[in-house]
Amino acid sequence: MIQPVRARSPQSVAFLALLLLISATSSEASGAPFFQTGALYLSRKEYSRAVLSFQAALERGDQHSAHLRLAEAYLARKDFGLAREQLGWAMARNATDLQALIMMGDLEAQVGNGPAAVTRWRLPCQAAPGLPQACGRIARLYFDQGQLDLAEKEFQDLFARHQETYEAQEAHYYLGLLLARRSPPSAAAHLREAARRADARLKSLANKALEEFPNAWDAEEPAYRAALLGKTYLKHVFEAGFQAPGALHLARDRFEKASELNPGYTNAEAYLGYTLWRQGQLDEAAGRLMKALSSDPGQPLAHYFLGLVFRSQGKADLAVGEFQEAIRQDPENPAFHADLGKAFSMLRDYNAAMASMEVASALAPDDTEILKQSAQFYLDHLLRPDRALALANRVVALAPQDAQGLDLLGWASYLNRDSPGARAWLEKATSLQPELASAHYHLAVVLEHAGPKQEAWPHYLQAKDLDRGGYYGNRAADALERLAQEDPEQRPAIGRYLRF
């Protein structure tokens with residue numbers, strides 16, 4: 001059992017040091033110490049603290065660099081209006097600053113203005129010798145938006161100009177995925193190059209792709225080959241462990257090709273419906289799945305996929321029916337039972353939801369994702385915290401470095417009145433995954449109610465920064481407002497951050 005930390009946390013010590021640094025009257029004209037402190041906070045994803053440091057640097061005269069670093073912090077916090085303001089000031093001083101142009105492109109991309117982002121990135125990409133990170137951003141944007149031919153051209157140009165860079169290694173990986181649709185030898189060559197030279201994450205993904213694509217390439221029948229490629233791309237999305245919109249576009253492209261080559265290929269049609277659901281195109285996804293089921297109702301996965309679509313549309317009663325039909329056809333699939341439980345919870349039939357979650361957990365006692373879903377259900381609805389604790393303990397036993405599992409275990413421990421244990425688990429979760437807003441929020445609640453209370457609000461602040469406008473971010477903002485009113489000694493310091 002991890003013992004709770006009783007000494008003042010390094011986070012709170014660093015914060016007090018920062019307040020002293022900012023409030024002290026310094027004889028130094030340079031803002032260098034503030035840049036260093038701000039960079040440290042940025043690396044730890046403590047964005048509001050980074051803002052204070054960079055503002056202190058700005059006050060000491062290094063305006064151009066400070067505006068750029070402030071824009072970086074605001075962008076990371078998704079505070080786009082303030083980021084644009086800072087970049088505007090920086091570019092007013094130097095309209096062709098390449099780093100400012102890259103960040104302005106980042107801003108445009110994040111607010112959904114792709115053409116403007118490309119325009120901003122194009123100058124630093126084409127400058128002599130050019131910045132490969134700007135070229136890589138253009139290629140990735142096209143890839144993620146499904147403009148696959150444009151993405152392929154940009155990746156080809158990138159590694160032709162910048163062969164010894166990280167961006168070139170990425171280009172080999174993405175070109176391998178793109179070319180897998182039509183040129184297996186070229187795809188394999190690029191993937192082998194990425195596996196040989198890229199970082200550990202890309203090496204792993206490239207090696208997995210090299211293992212999986214040959215099964216699809218070897219298929220003789222064209223429609224079947226296209227569908228296998230689509231499934232391989234989908235598998236790659238899951239293995240990547242991050243949002244992979246470009247791979248979803250590739251999967252969709254192949255499933256559409258399989259359906260075009262063989263209009264009666266209902267399995268490909270079902271997977272196309274699932275891919276469309278993942279892309280948020282719910283009506284089109286439902287239409288494809290209904291079409292597949294009208295031709296072949298004996299497809300448990302198609303019923304399951306349609307249940308996912310109905311649940312996303314808020315049609316929980318229809319979702320229940322589809323999940324139940326999927327279970328009737330394939331009763332041993334734990335995912336079917338887990339998602340049935342979620343649909344029942346939408347209908348507030350918690351007894352039925354609990355029964356489904358228990359079946360899912362029993363069918364997959366070593367599947368951490370199923371176990372986390374079950375524990376999350378109990379915690380979200382404050383049902384049987386003892387059962388949530390048992391499930392979360394099982395997750396952590398199976399995956400000791402899983403920050404989400406540790407967050408669940410910490411919160412379950414708190415609800416089972418074990419505040420010291422809760423603090424220990426939650427501190428480990430935040431150390432393993434500093435960007436996990438829920439863990440910071442839960443740790444703040446534990447510290448507020450079990451002490452030391454003054455250490456709670458920095459974690460509320462980080463939850464607010466990391467989940468701006470979301471469930472945990474909004475609750476954390478409310479808690480900060482309350483603490484500012486309740487604690488006269490902390491009010492000035494909290495108020496300093498609440499202005500952002």
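# A tour of selected helices

Begin by selecting S431, which is found in helix α24, and keep in mind throughout that this is a predicted model. With a relative accessible area of 53%, S431 counts as exposed, because the cut-off for that class is over 50%. Now add R44 to the selection: the two residues are 387 places apart in sequence, yet S431 and R44 are 9.5 Å apart in space, taken from C-alpha to C-alpha.

Next, extend the selection to the whole of helix α24, residues 419–432. Its 14 residues should span 20 Å at 1.5 Å a residue, and the C-alpha atoms at its ends are indeed 20 Å apart, so the expected and modelled spans agree. Which residues of α24 are buried? They are G421, A422, R423, A424, W425, L426, E427, A429 and T430. To see what covers these buried residues, display α22 (385–398), α23 (403–415) and α25 (437–450), which are included in the cover.

From there, move to helix α19 (residues 334–346) and helix α20 (residues 350–363), whose axes come within 8 Å and cross at roughly 165°. Because angles over 145 degrees count as roughly antiparallel, that is how α19 and α20 run relative to each other, and their crossing is left-handed. On the α19 side of the contact, select P334, H337, A338, L340, G341, K342, F344 and S345; on the α20 side, the residues they meet are Y350, A352, A353, S356, M357, V359, A360 and L363. If you colour this contact of α19 with α20 by class, its residues divide into 11 nonpolar, four polar and one charged.

A second helix pair can be viewed in the same manner. Select helix α16 (residues 282–295) together with helix α17 (residues 300–312), and you will find axes that come within 10 Å and cross at roughly 155°. These two helices, α16 and α17, are therefore also roughly antiparallel to each other, and the crossing of α16 and α17 is left-handed. In α16 the residues to pick out are L282, A285, A286, L289, M290 and L293, which meet A302, H303, F305, L306, V309, F310 and S312 in α17. Coloured by class, the contact of α16 with α17 shows 11 nonpolar and two polar residues, with no charged ones.

Now go to R254, which lies in helix α14 (residues 245–261). Is R254 buried or exposed? Its relative accessibility is 13%, and R254 therefore counts as buried, the cut-off being under 20%. When its neighbours within four places in sequence are left aside, R254 is in contact with R181, A226, L229, G230 and Y233, so these are the residues to show around it.

The last stop is helix α10, residues 166–179. As a check on its geometry, 14 residues at 1.5 Å each should span 20 Å, and the end C-alpha atoms of α10 are 20 Å apart, which agrees with that expectation. This helix is mostly covered, with 13 of its 14 residues buried. Within α10, select H172, which is buried at a relative accessible area of 12%. Apart from its neighbours within four places in sequence, the residues in contact with H172 are F159, H190, L191, E193 and A194, and displaying them completes the tour.

Note on methods
Residues numbered from 1 in each chain as written. Predicted model: local features only at pLDDT ≥ 70, side-chain atom pairs only at ≥ 80, totals over all residues. Heavy atoms only, no water. Helix = DSSP H or I, 4+ residues; strand = E, 2+ residues; numbered from the N terminus. Expected span 1.5 Å × (residues − 1). Buried < 20%, exposed > 50% of the residue type's maximum accessible area, 1.4 Å probe, protein only. Axes fitted to C-alpha atoms, helices over the stretch in contact; angles between N-to-C directions. Parallel < 35°, antiparallel > 145°, perpendicular 65-115°, else oblique. Left-handed = near helix turned anticlockwise from the far one by under 90°. Contact = heavy atoms within 4.5 Å. Nonpolar A, V, L, I, M, F, W, Y, C, P; charged D, E, K, R; others polar.
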